[in-house]
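Student: Please take a close look at the side-chain contacts in this model, with the criterion behind each term. Which parts of the chain do they join?

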Amino acid sequence: MNLSNYPPLPTEKGTGGRGFLSLFDLNALVRSSIEQCLPDGYWVQAELSDVRTNSTGHCYLEFIQKDPRGNNLIAKARGTIWSNVFRLLKPYFEETTGQEFVSGIKVLVLVTVSFHELYGYTLTVQDIDPAYTLGDMERRRRDILNQLEEEGVLTLNKELEMPRLPQRIAVISSPTAAGYGDFCHQLEHNPRNFFFYTELFPALMQGDRVEDSVLSALDKINARLAEFDVVVIIRGGGATSDLSGFDTYLLAAACAQFPLPIITGIGHERDDTVIDSVAHTRVKTPTAAAEFLIGCLNDAADELEMLAVRLQEGVRSLLGQERRKIIACKNRIPTAVYRTLSFGRLSLLTLRKDLMSSLRGRLSGERHRLELLQQRLKDASPERLLARGYSITLKDGKVVKDFKQVQEGDEVVTRIYQGELLSVIKASKKIRNTV
């Protein structure tokens with residue numbers, strides 16, 4: 001080891017503070033040097049890490065920089081945002097960007113450099129430029145969309161044909177969200193009384209678990225594809241700072257490749273999320289999603305009405321043509337033949353009257369029989385049986401009819417008149433039939 005470039009070691013006589021520095025003295029020298037060399041504020045680009053606040057409102061965090069090629073850390077510094085700055089900076093940043101001030105985002109901040117003998121090197125944040133983060137978020141969205149395009153899946157969901165009658169709807173939303181209630185109310189009270197069947201697949205619509213929660217809901221729907229026509233993802237209301245959960249590659253790839261058309265109504269107007277860009281149809285709000293579905297049925301109903309009018313007009317025109325042909329033929333028939341035909345016509349009218357009378361009687365009897373059968377069906381319906389106090393036990397969505405279908409530890413759902421009960425089997429045995 002070459003020591004020629006270092007100061008000589010102090011001699012024993014040189015001790016007493018003159019030949020070497022204490023750690024405090026050295027740190028004080030570093031502090032003085034930093035204050036002299038870096039007296040101003042500096043705009044620094046970095047990624048946030050370990051963001052946390054304490055009870056006094058101060059925010060403590062780390063700024064990091066990663067190697068873009070290997071994603072390894074190449075720089076790190078401790079940061080502080082004092083409470084008087086943080087209470088202004090945080091809402092300004094989140095309102096402007098629609099992005100929560102959390103770890104993992106890239107920021108451009110104005111900092112001053114300080115060094116403390118005990119706490120070391122710190123960057124104190126004075127200001128932030130939200131435009132930089134907006135640009136980074138947009139770049140991230142663009143990178144995801146470019147990757148999906150390179151993989152050939154970007155427009156797959158958009159290319160699916162929307163069903164003419166999208167009435168069976170799988171809804172992904174928070175069950176307590178006001179937007180979900182608005183969506184269902186709008187469907188139920190549509191002007192032409194169209195019927196819609198909706199089933200909720202609960203998911204978190206904000207926070208860091210949005211991706212996993214929505215992906216889980218999509219998996220459950222995918223297992224029952226034949227039961228639904230479309231998927232609706234709605235959020236409605238809430239802070240726009242929670243939208244980052246919808247800007248992930250895995251969620252976008254799942255939506256882009258989903259085999260049913262996806263309609264998004266995440267409740268924001270300013271920006272599209274990545275899943276908005278890959279979904280079949282994007283609307284602004286949950287209510288607008290309901291209006292879109294009602295509009296699909298309106299279009300189909302209008303087309304049917306138009307076809308009915310065209311059919312009536314065509315039949316009327318055809319009957320007119322045939323009537324004119326008959327009149328022309330009548331004029332060419334001799335009088336005697338005409339009288340014979342008239343007599344035959346009278347006979348046919350008489351037979352027609354008798355036939356109609358017989359048919360009316362038969363139809364009345366059949367109608368009465370159908371009413372009796374309808375009443376029997378209604379009495380035997382599951383809802384009526386449940387209302388009488390009976391219940392239905394299901395395992396994995398299938399009715400349990402035999403004690404051998406369940407084993408100890410199985411979870412079963414018991415459906416009663418008003419709600420469902422979730423149970424765990426402790427034991428199962430056959431009971432002697434007393435009937």
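**Side-chain contacts along the chain**

Tutor: The protein chain is divided into domain 1 (23-129), domain 2 (142-298) and domain 3 (391-425), with bounds that come from an automatic or database domain assignment. The C-alpha centres of domain 1 and domain 2 lie 38 Å apart. The model is predicted, so local features need pLDDT of at least 70 and side-chain atom pairs count only at pLDDT 80 or more, whereas totals for chains, interfaces and linings use all residues. Residues are numbered from 1 along each chain as its sequence is written, and side-chain values use heavy atoms, leaving out hydrogens and water.

The aromatic contacts come first in this account. Rings of Phe, Tyr and Trp (its six-membered ring) pair if their centres lie within 6.5 Å; planes under 30 degrees apart count as stacked, over 60 as edge-to-face and the rest as tilted. This rule yields three aromatic pairs. In one of them, Phe-86 and Phe-101 have ring centres 6.0 Å apart and planes at 65 degrees, so the pair is edge-to-face. It links distant parts of the chain, 15 residues apart: Phe-86 belongs to helix H2 (residues 83-97), and Phe-101 to the loop between H2 and strand S4 (106-116). Helices (H or I, at least four residues) and strands (E, at least two) are DSSP runs, numbered from the N terminus. Both Phe-86 and Phe-101 are buried, a term that means under 20% relative accessible area, with exposed over 50% and partly exposed in between (1.4 Å probe, protein chains only). Ring pairs also bring in Phe-93, so that a cluster of Phe-86, Phe-93 and Phe-101 results.

Phe-201 and Phe-228 form another edge-to-face pair, at 5.8 Å centre to centre with 75 degrees between the planes. Here 27 residues separate the partners, Phe-201 in strand S7 (residues 197-202) and Phe-228 in the loop between helix H5 (210-222) and strand S8 (230-234). Phe-201 is buried at 5% relative accessible area, and Phe-228 is buried at 3%.

A ring can also receive a charge: the criterion is NZ of Lys or CZ of Arg within 6 Å of the ring centre and within 35 degrees of the ring normal. Arg-139 lies over the face of Tyr-132 in this way, at 5.8 Å from the ring centre.

Charged pairs follow. A salt bridge is a side-chain nitrogen of Lys or Arg within 4 Å of a carboxyl oxygen of Asp or Glu, and the whole structure holds 18 of them. Glu-47 and Lys-66 form one, their closest N and O atoms being 3.6 Å apart. Because Glu-47 lies in strand S1 (residues 41-53) and Lys-66 in strand S2 (residues 59-66), this pair ties together parts that are 19 residues apart in sequence. Glu-47 is buried at 14% relative accessibility, whereas Lys-66 is partly exposed at 33%.

The salt bridge of Glu-322 with Lys-325, at 3.6 Å between the closest N and O atoms, stays within helix H8 (residues 286-332), where the partners are three residues apart, about one turn of the helix.

Lys-395 and Asp-410 form a salt bridge with the closest N and O atoms 2.9 Å apart. That pair links distant parts of the chain, 15 residues apart: Lys-395 in strand S11 (residues 392-395), and Asp-410 in the loop between strand S12 (398-399) and strand S13 (411-416). Lys-395 is partly exposed at 22% relative accessible area, while Asp-410 is buried at 17%. Elsewhere, salt bridges that share partners join Arg-31, Glu-35 and Glu-117 into one network.
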